[in-house]
Amino acid sequence: MAVDAARSEEGFTSAIATRVMAAACRAAGLDDRGSELIRLGENALFRLVSAPVIVRVARGEEWLTTARNEVAVSRWLVEEGFPAARIVGDLEQPLLVEGHPVTFWHLIEEGDRKATYGELGGILRDLHDLTLPAGLELPSFDPFGKQELRLDRAVIPEDDRVFLRKRWVELRDKFEELRFETPKGPVHGDAHVQNLMVDDRDQVILIDFEAFCFDHPEWDLMVTAVEHHSLGWQTDEQYAEFVGAYGRDLFDWHGYETLRGLQEFGMTTWLMQNVQEDERTAAEYRRRIAGLRDDDGPRDWRPW
């Protein structure tokens with residue numbers, strides 16, 4: 001449903017996302033007054049006060065197919081009885097507002113703890129055991145799909161842009177040489193522990209399906225493996241819980257270093273989209289690109 005398909009040329013900021021969210025709520029018959037911006041990343045996420053709903057605003061019309069896939073994946077996982085975020089079922093979705101796809105999700109009432117790495121390994125194991133239903137067609141994992149837009153639009157120094165474009169070409173060449181031995185299946189595509197929530201009934205729930213795809217399971221193991229082996233974001237005990245629950249440590253695979261490069265590149269370009277928001281974000285971007293320029297140097301990156 002197109003409310004206003006005119007392409008916004010203003011970029012994507014918290015102010016623009018708030019305006020789009022308000023217009024989408026009006027179109028859906030929801031009250032946006034008092035809504036709270038809870039995250040600005042690949043999307044803007046808002047929590048409504050008037051209803052237990054999360055409103056998700058994508059960066060541009062080029063993400064419309066992705067938003068449609070998110071809706072379809074959510075409905076499929078719920079039908080499977082898999083613990084997953086639920087789309088609001090009685091709304092036509094996604095809406096297209098000022099060139100931005102918008103979706104509406106049931107609020108997950110959080111409990112008093114965070115998900116563990118063992119739970120992440122377990123939920124990924126269960127996800128990878130599922131079989132996609134007939135009619136649900138998903139793309140392959142594409143570590144490069146968003147990068148050109150990010151590099152074109154980011155407000156960064158030109159020498160950074162030149163370096164990132166060169167690194168992008170190098171990574172594409174390495175990607176072409178990758179050989180997988182595992183069968184393809186459902187893959188979350190952004191499988192870090194922050195994409196699990198624990199509700200007030202202590203149920204662990206998988207969220208955020210924008211990168212969901214049909215591909216090799218290594219793409220889901222990549223995130224936590226890099227966070228541990230390269231960035232040191234988990235203790236040895238936490239990572240051992242993850243590996244024990246899933247049954248595999250990607251670090252032992254011949255393709256790990258290529259996936260490490262892809263993951264670190266994506267983590268940097270994801271953050272650089274929001275360098276204009278505040279100095280804290282800009283400082284972390286500078287820290288990350290400095291790390292990319294020194295492959296063998298320590299990574300003092302911070303979780304975001």
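**View 1. Helix 5 in this predicted model has the end-to-end span expected for its length.** Helix 5 covers residues 158-176, and at 1.5 Å a residue its 19 residues should span 27 Å. The C-alpha atoms at its two ends are indeed 27 Å apart, so expectation and model agree.

**View 2. Helix 5 has a buried face.** Which residues of helix 5 are buried? They are Asp160, Arg161, Phe163, Leu164, Arg167, Trp168 and Leu171. Looking down the axis of helix 5, you will find its buried residues within an arc of 155 degrees, so they line one face of the helix. The general rule is handy here: an α-helix has 3.6 residues a turn, so residues three or four places apart point the same way. Over on the other side of helix 5, the exposed residues are Glu158, Asp159, Val162, Lys166 and Glu176.

**View 3. The buried residues of helix 5 pack against three helices: helix 4, helix 8 and helix 9.** Helix 4 runs over residues 147-153 and helix 9 over 279-292, while helix 8 takes in residues 256-272.

**View 4. The largest nonpolar core holds 71 residues.** Within this core, Leu77, Leu164 and Phe209 touch the most other members. Helix 8 gives the most to this core, with eight residues. Apart from it lies another core, made of 22 residues, including Leu40, Val57, Leu95 and Phe104.

**View 5. Here is a closer look at the surroundings of phenylalanine 209.** Leaving aside residues up to four places away in sequence, Phe209 touches Glu70, Val73, Ser74 and Leu77, along with Ala84, Ala85, Trp105 and His188. Leu77, one of these contacts, is also among the three core residues that touch the most other members.

**View 6. Asparagine 274 sits in the loop between helix 8 and helix 9.** Is this asparagine buried or exposed? Asparagine 274 has a relative accessibility of 5%, so it counts as buried. A polar atom of its side chain lies 3.2 Å from the backbone oxygen of leucine 40. Not counting residues up to four places away in sequence, asparagine 274 touches Leu40, Gly41, Arg59 and Thr281. Leu40 will be familiar from the core of 22 residues.

**View 7. Two buried cysteines round off the tour: cysteine 25 and cysteine 213.** Cysteine 25 has a relative accessible area of 0%, and cysteine 213 has a relative accessibility of 1%. How many disulfides does the whole structure contain? A search finds zero.

Key. Residues numbered from 1 in each chain as written. Predicted model: local features only at pLDDT ≥ 70, side-chain atom pairs only at ≥ 80, totals over all residues. Heavy atoms only, no water. Disulfide = S-S within 2.5 Å. Buried < 20%, exposed > 50% of the residue type's maximum accessible area, 1.4 Å probe, protein only. Core = buried A, V, L, I, M, F, W, Y, C linked by side-chain atoms within 4.5 Å. Helix = DSSP H or I, 4+ residues; strand = E, 2+ residues; numbered from the N terminus. Contact = heavy atoms within 4.5 Å. Expected span 1.5 Å × (residues − 1). Arc of directions from axis to C-beta. Polar contact = N/O pair within 3.5 Å; in protein donor to acceptor, adjacent residues only side chain to side chain.
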